[in-house]
Amino acid sequence: MPPDIRILLVDDHALFRRGLVALLGEEPAMQVVGQAGDAGEAIRLAAQLQPDIVLLDNHLPGVRGVDAVESLRQASPASRVLMLTVSEEAADLGAALRAGASGYLLKTCEADELIGSIRRARRGEVVIGADMAAKLAQAFIVPELAVGLAKEQPPVGAETEKSPLSPRERQIAAAIARGASNKIIARELDIAETTVKVHVQSILRKLDLVSRVQIAVYASKHGLSG
């Protein structure tokens, strides 16, 4: 059976790529079909292999990863580009999203977060690591940083009277804006993690949103506090 998710790794550190190959090789539905050490090689391989996911580092020789996103997507339009980098700069996050990246993760993320993020990106979701989601919410005052990630919301002054969210949902939205994971939120509020997931789905439905990033932006823009 062919793999469900074919992956191209782009990182100039061969040892790091080797570790990723070993990690992803444990997932039956995933296969690393190519590896590249620079942007030029990545674009050539993307055009040739047409991978489902491109895992892209930002610190590449010659050209930054974020500056190669658009070319990668042109070379393989169906591919989802997922940044996997050490850069915590909000400017790099914004550049990647504006160029069409489907997500932004730090290399310090846990293995299960990486695997889950690859699956979500493959489904068409925008995936932002918890730490970077908080930076995105804080940077929402720069409109171009969040183009396409949040719908226009009512003025801040209308929040307290007309919010569709319950008090508990507002707490959870605020925690998401701080970058907290479901596990951390559950611990902070002394509720089950499954209960947090139910609330998150309710928030998405009530606000007509599709991702945690949009929840974080909404919470930040409307001054919610837990």
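In this predicted model, R6 has Q31 of β2 as its bridge partner. The two strands concerned, β1 and β2, run parallel and are joined by six bridges. They belong to an open sheet of six strands, paired in parallel and ordered β2-β1-β3-β4-β5-β6. The edges of this sheet are formed by β2 and β6 (127-128); each has a single partner strand, so one side of each lacks a neighbour in the sheet.

Two helices that pack on the sheet are compared below by the strands they touch and by their direction relative to β2.

| Helix | Strands touched | Angle with the direction of β2 |
|---|---|---|
| α1 (residues 14-24) | β1, β2, β3 (53-56), β4 (80-85) | about 165° |
| α2 | β1, β2 | about 140° |

Helix α2 spans residues 39-49, and its residues A39, A42, L45, A46 and L49 are buried. These buried residues lie on the same side of α2, because they cover an arc of only 125° around the axis. Their cover includes the strands β1 (5-10) and β2 (30-36), together with helix α3 (65-75). At the start of α2, the backbone nitrogen of G40 has a side-chain oxygen of D38 within 3.1 Å. After α2 comes Q50, with a positive phi near 50°.

The largest nonpolar core comprises 32 residues. Within this core, the residues with the most contacts are V10, L56, L72, M83, Y104 and I128. A second core, separate from it, contains 22 residues, among them L189, L204, L209 and L224.

The surroundings of Y104 can be described in detail. Leaving aside residues up to four places away in sequence, Y104 touches L82, M83, T85, S87, E89, D92, L93 and A96, and also V127, I128, G129 and M132. Two of these contacts, M83 and I128, are listed with Y104 among the residues that have the most contacts inside the largest core.

A further site is G223, located in the segment that follows α11 (212-221). The relative accessible area of G223 is 56%, and the residue is therefore exposed, the cut-off for that class being over 50%. G223 is separated from A174 by 49 residues in sequence, while their C-alpha atoms are 8.4 Å apart in space.

Note on methods:
Residues numbered from 1 in each chain as written. Predicted model: local features only at pLDDT ≥ 70, side-chain atom pairs only at ≥ 80, totals over all residues. Heavy atoms only, no water. Core = buried A, V, L, I, M, F, W, Y, C linked by side-chain atoms within 4.5 Å. Buried < 20%, exposed > 50% of the residue type's maximum accessible area, 1.4 Å probe, protein only. Contact = heavy atoms within 4.5 Å. Helix = DSSP H or I, 4+ residues; strand = E, 2+ residues; numbered from the N terminus. Arc of directions from axis to C-beta. Polar contact = N/O pair within 3.5 Å; in protein donor to acceptor, adjacent residues only side chain to side chain. Pairing = 2+ DSSP bridges. Axes fitted to C-alpha atoms, helices over the stretch in contact; angles between N-to-C directions.
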